[in-house]
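User: I've just opened this one and I'm new to it. Could you walk me through it, a question at a time?

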Amino acid sequence: MNDDDLARELTVLHADTTAAINAATPDDMTGPIVLANGMWANRWNMIWRVTEDRDGDRDKPAQFVAVHLDECRRWAGAQLRNSEH
C-alpha cells in the first residue's frame, strides 16, 4: 500500500464515520446523560430510565421511564420547575 492508497482509505473511512455520526439520533446514545435536575438517563433494552445515580443501576427503581430521550428531558425539566415553586 502506498501513500495515495492510504490517503484514499482514510478519506473513505472518514466519510463513513461522518455519515454515521450525522445520521445518529439522540436515541442512539445509551447514556449516561445528565438531565435538567441532576438526574441521569441511561438506556436499557430500548427504554430510557431516569435515576438519581450516574450509572443507572438497574436494581434500583427508575424515577421515570420513556422510549425517547426527549421525554426524559421534559420530565426532568418539569420536576425542576415544580421543585422551584
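User: What is the mean pLDDT of the protein chain?
Analyst: Keep in mind that this is a predicted model, so confidence is a good place to start. Across the protein chain, 79% of the residues reach 70 or more. The mean pLDDT of the chain is 80.

User: And where is confidence lowest, and where is it highest?
Analyst: Where pLDDT is low, the predicted coordinates should not be read in detail. The low end here is helix 1 (residues 3-23), with a mean of 71. At the other end, with a mean of 94, confidence is highest in strand 4.

User: In what order do the four strands sit in the sheet?
Analyst: Strands of a sheet pair through backbone hydrogen bonds, either parallel or antiparallel. In this open sheet the pairing is antiparallel. Strand 1 (33-34) and strand 4 (64-66) are the edge strands, each pairing on one side only. Going across, the order is 1-2-3-4.

User: How many bridges join strand 2 to strand 3?
Analyst: Let's go pair by pair. Strand 1 and strand 2 (residues 40-44) are paired over two bridges, and strand 3 and strand 4 over three bridges. Strand 2 and strand 3 run antiparallel, and the number of bridges joining them is five.

User: Which residue in strand 3 is the bridge partner of Ala-41?
Analyst: Ala-41 is a handy one to follow across the sheet. Towards strand 1, Ile-33 stands opposite Ala-41. Towards strand 3, the bridge partner of Ala-41 is Val-50.

User: What separates the C-alpha atoms of Val-65 and Arg-49?
Analyst: Val-65 lies in strand 4, and Arg-49 stands opposite it. Not counting residues up to four places away in sequence, Val-65 touches Ile-47, Trp-48 and Arg-49. Val-65 and Arg-49 are 16 residues apart along the chain, yet their C-alpha atoms are separated by 4.6 Å.

User: Is strand 3 largely enclosed or largely open?
Analyst: Count its buried residues, meaning those under 20% relative accessible area. Four of the five residues of strand 3 are buried, so the rest of the structure leaves this strand largely enclosed.

User: At about what angle does helix 2 run to strand 4?
Analyst: Helix 2 covers residues 69-84 and lies across strand 1, strand 2, strand 3 (47-51) and strand 4. Relative to strand 4, helix 2 runs at about 150°.

User: Which element gives the most to the largest nonpolar core?
Analyst: In soluble globular proteins, nonpolar side chains tend to be buried together. The largest nonpolar core here has eleven residues, including Ile-33, Ala-41, Trp-48, Val-50 and Trp-75. Strand 3 and helix 2 are the elements that give two or more residues to this core. With four residues, the one that gives the most is helix 2.

User: Which backbone oxygen does the side chain of Asn-42 reach?
Analyst: Asn-42 is in strand 2. It counts as buried because its relative accessibility is 6%, under the 20% cut-off. Leaving aside neighbours within four places in sequence, its contacts include Thr-30, Trp-48, Thr-51 and Arg-54. At 3.2 Å, its side chain reaches the backbone oxygen of Arg-54.

User: How about Thr-51: which backbone oxygen does its side chain reach?
Analyst: Thr-51 is in strand 3 and counts as buried, at 2% relative accessibility. Beyond its neighbours within four places in sequence, Thr-51 is in contact with Met-39, Trp-40, Asn-42, Gly-56 and Ala-62. The side chain of Thr-51 reaches, at 3.0 Å, the backbone oxygen of Asp-53.

User: What is phi of Asn-45, in the turn between strand 2 and strand 3?
Analyst: Strand 2 and strand 3 form a hairpin with two residues between them. Most residues other than glycine have a negative phi, and most peptide bonds are trans. Asn-45 is not a glycine, but its phi is positive, at about 50°.

User: And is Met-46 buried or exposed?
Analyst: Met-46 also sits in the loop between strand 2 and strand 3, and its phi is a positive value near 70°. Asn-45 counts as exposed, at 76% relative accessibility. Met-46 has a relative accessible area of 56%, over the 50% cut-off, so Met-46 is exposed.

How values were computed
Residues numbered from 1 in each chain as written. Heavy atoms only, no water. Pairing = 2+ DSSP bridges. Contact = heavy atoms within 4.5 Å. Axes fitted to C-alpha atoms, helices over the stretch in contact; angles between N-to-C directions. pLDDT = per-residue confidence, 0-100. Buried < 20%, exposed > 50% of the residue type's maximum accessible area, 1.4 Å probe, protein only. Polar contact = N/O pair within 3.5 Å; in protein donor to acceptor, adjacent residues only side chain to side chain. Core = buried A, V, L, I, M, F, W, Y, C linked by side-chain atoms within 4.5 Å.
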